[in-house]
Amino acid sequence: VDTFIASVLFLSAMSGGLAVLLVIADMTLANYGECKVTINKDRELTVTGGNSLLATLAENKIFIPSACGGRGTCAYCKVRVLSGGGPVLPMEEPYLSPDEHAQNVRLSCQVKVREDIEIEIPAELFDVREFKAVVESITDLTYDIKELRLKLVEPERIEFKAGQYVQLCTKPYGKVKESVSRAYSLASSPADDGAIELIIRLVPDGICTTWVFEHLNEGDEVTFSGPYGDFYLRESDAEIIGVAGGSGFAPIRSILHAHADEVDRRGARFFFGACTGKDLFLTELMAEYALAHPNFQFIPALSEPTDECLWNGEEGLITDVLDRLIEEPGNKEFYLCGSPGMIDACVKVFQSKGVPDDNIFYDSF
Ligand SMILES: Cc1cc2nc3c(=O)[nH]c(=O)nc-3n(C[C@H](O)[C@H](O)[C@H](O)COP(=O)(O)OP(=O)(O)OC[C@H]3O[C@@H](n4cnc5c(N)ncnc54)[C@H](O)[C@@H]3O)c2cc1C
Ligand code: FES
């Protein structure tokens with residue numbers, strides 16, 4: 001048995017070592033020369049092969065959503081590869097449905113440009129731009145959430161739909177030697193088109209959020225690309241039900257400000273889930289908004305209210321509060337933004353009440 005285990009370990013070590021050598025050889029020795037990338041059959045780029053499809057397109061100012069920054073974990077970077085992408089990699093498999101397999105959908109961050117390649121991307125991605133901006137202000141909203149206001153420099157204006165997001169690029173700092181990009185929902189209104197506002201929660205040891213919290217200062221120059229995403233208010237007569245936790249407040253704030261007339265016409269309720277009073281923010285802004293728009297209700301809920309905050313609002317997990325206060329599915333649309341766990345649990349509550357999936361929209365992060 002010992003000899004068998006030793007042989008298995010030896011073979012695993014050998015194949016692991018071989019894989020590492022192949023990757024190093026591919027990075028250092030391989031020369032793929034010039035390759036042609038044909039996009040949507042009518043646009044052609046001549047590029048130097050060897051890089052990922054995602055990075056190659058970005059170098060040519062075509063920006064594919066890539067919320068995880070190319071780590072192969074978000075599945076936002078899907079494109080159709082019609083020819084030349086090589087076989088699907090094992091790490092792509094979990095993110096591709098049978099339908100997507102059949103359509104030759106791939107994760108563009110995992111596809112390497114090694115030969116001429118033909119791809120198809122949604123036409124609206126040609127409108128995504130790279131922006132230069134200056135940090136106008138950084139404001140503490142809670143102990144672990146900051147609001148960033150970025151004044152646009154080049155281009156000077158941005159067009160987006162309330163609810164969409166941008167990808168902020170970091171600069172190298174400390175032990176982080178490379179710049180990364182991360183997705184952040186636009187918290188400002190599209191009418192305020194000379195600047196953008198982001199609401200960012202600190203993730204302990206997170207590359208981008210540590211940079212924002214510890215290294216970014218007012219007056220610094222930053223770059224971001226956008227806008228991306230399909231989380232925006234749909235045209236209908238349905239009551240608008242917003243649900244958010246933590247920094248998920250951002251896109252809902254943008255939607256409320258951009259669509260105040262729709263809020264008046266359709267009616268809206270915004271459920272915001274937090275742990276304790278320390279995790280609440282922008283409550284005054286919401287109170288003012290409710291005064292100006294009688295058809296709007298802000299419903300914050302604390303899951304662990306402490307004695308010192310003298311809480312007299314809703315108590316419990318946001319799912320329990322929704323279960324209590326959303327009477328029947330009726331004519332309602334649900335817009336959710338928060339952690340995947342919160343979103344899954346809320347969607348289950350709505351489904352149990354008979355809400356059709358078509359009336360539920362979300363961005364999870
Ligand atoms: C469409 C979209 C919109 C988003 N909008 C916002 C927004 O408006 N505000 C905002 O604050 N964030 C938002 N995010 C999340 C954001 O993109 C980053 O994932 C997050 O800020 C962490 O980045 P980081 O570089 O600091 O952490 P990383 O260096 O990427 O991660 C460090 C570690 O923390 C883990 N981790 C990553 N994210 C979280 C998390 N949220 N909670 C707990 N652990 C985590 C990772 O698995 C990793 O182990 C959004 C994400 C998406 C996909
Ligand atoms: S960029 Fe996130 S999976 Fe490709």
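In this predicted model, the lining of the second largest pocket is made up of 14 nonpolar, three polar and ten charged residues. The space in this pocket comes to about 800 Å³. It is lined by 27 residues, and those closest to its centre are Glu124, Gln164, Tyr228, Gly229 and Asp230. Three elements, β6 (129-140), β11 (221-228) and β17, each give two or more residues to this lining. Of these, β11 gives the most, with three residues.

Strand β11 also holds a feature of the backbone. Pro227 lies in this strand, and the peptide bond that leads from Gly226 to Pro227 is cis, with omega near 0 degrees. A cis bond also runs from Glu154 to Pro155, and there omega is near -15 degrees. Pro155 is placed in the loop between β7 (145-154) and β8 (165-169).

The next stop is the largest pocket. Its volume is about 1,100 Å³. A total of 46 residues line it, and the closest to its centre are Arg201, Ser247, Gly338, Ser339 and Phe365. Many elements take part in this lining. Among the strands that supply at least two residues each are β9 (181-185), β10 (195-201), β12 (239-245), β13 (268-274) and β17 (360-364). Helices α4 (207-214), α8 (318-325) and α9 (340-352) likewise supply at least two each. The largest share, four residues, comes from β9. By residue type, the lining of the largest pocket divides into 25 nonpolar, 15 polar and six charged. Strand β17 is worth noting when the two pockets are read together: it supplies at least two residues to the lining of the largest pocket, and it gives two or more to that of the second largest.

The model also contains a ligand, ligand 1. Which residues come nearest to ligand 1? There are 19 residues around it, and the nearest are Arg182, Ala183, Tyr184, Cys208 and Thr209. Some contacts can be described atom by atom. An N or O atom in the side chain of Arg182 is 2.8 Å from an oxygen atom of ligand 1. Arg71 also has a polar side-chain atom 2.8 Å from an oxygen atom of the ligand. With Ser185 the backbone is involved: one of its backbone N or O atoms lies 3.1 Å from a ligand oxygen atom. Arg182 and Ser185 fall within the range of β9 (181-185), the strand with the largest share of the lining of the largest pocket.

Apart from the pockets, there is a cavity to look at. How many cavities of 30 Å³ or more does a search of the whole structure find? It finds one. The space in this cavity is about 70 Å³. Its lining consists of Ile240, Gly242, Ile252, Ile255, Leu256, Val263, Arg269, Phe270 and Tyr335. Seven of these lining residues are nonpolar, one is polar and one is charged. The elements that give two or more residues to the lining are β12, α5 (249-258) and β13, and α5 has the largest share with three. Strands β12 and β13 appear in the lining of the largest pocket as well, with at least two residues each.

The last part of the tour is an open sheet. It has five strands in the order β2-β1-β5-β3-β4, and their pairing is mixed. At its edges are β2 (43-48) and β4 (105-107), each of which pairs on one side only. On average, neighbouring strands of the sheet are turned by 40 degrees against each other, direction ignored.

Two pairs of strands can be followed in detail. Strand β1 (residues 34-39) runs antiparallel to β2 and is joined to it by six bridges. In this pair, Lys36 stands opposite Thr46 in β2. The two strands form a hairpin with three residues between them, and here Asn40 takes a positive phi near 50 degrees. Further across the sheet, β3 (residues 78-83) and β5 (residues 117-120) pair in the antiparallel sense over three bridges. Arg80 stands opposite Glu120 in β5. In a regular strand the side chains point alternately to the two faces of the sheet.

One more residue belongs with the edge strand β4. Asn104 lies in the loop between α3 (98-102) and β4. Although Asn104 is not a glycine, its phi is positive, at about 60 degrees.

Methods
Residues numbered from 1 in each chain as written. Chains lettered and ligands numbered in written order. Predicted model: local features only at pLDDT ≥ 70, side-chain atom pairs only at ≥ 80, totals over all residues. Heavy atoms only, no water. 1 Å grid on protein atoms, 1.4 Å probe; cavity = no way out; pocket = protein on both sides within 12 Å on 5 of 7 lines; lining within 4 Å. Points joined across faces, edges and corners; volume = space filled by probe spheres on them. Nonpolar A, V, L, I, M, F, W, Y, C, P; charged D, E, K, R; others polar. Pairing = 2+ DSSP bridges. Axes fitted to C-alpha atoms, helices over the stretch in contact; angles between N-to-C directions. Near = heavy atom within 4 Å. Polar contact = N/O pair within 3.5 Å; in protein donor to acceptor, adjacent residues only side chain to side chain.
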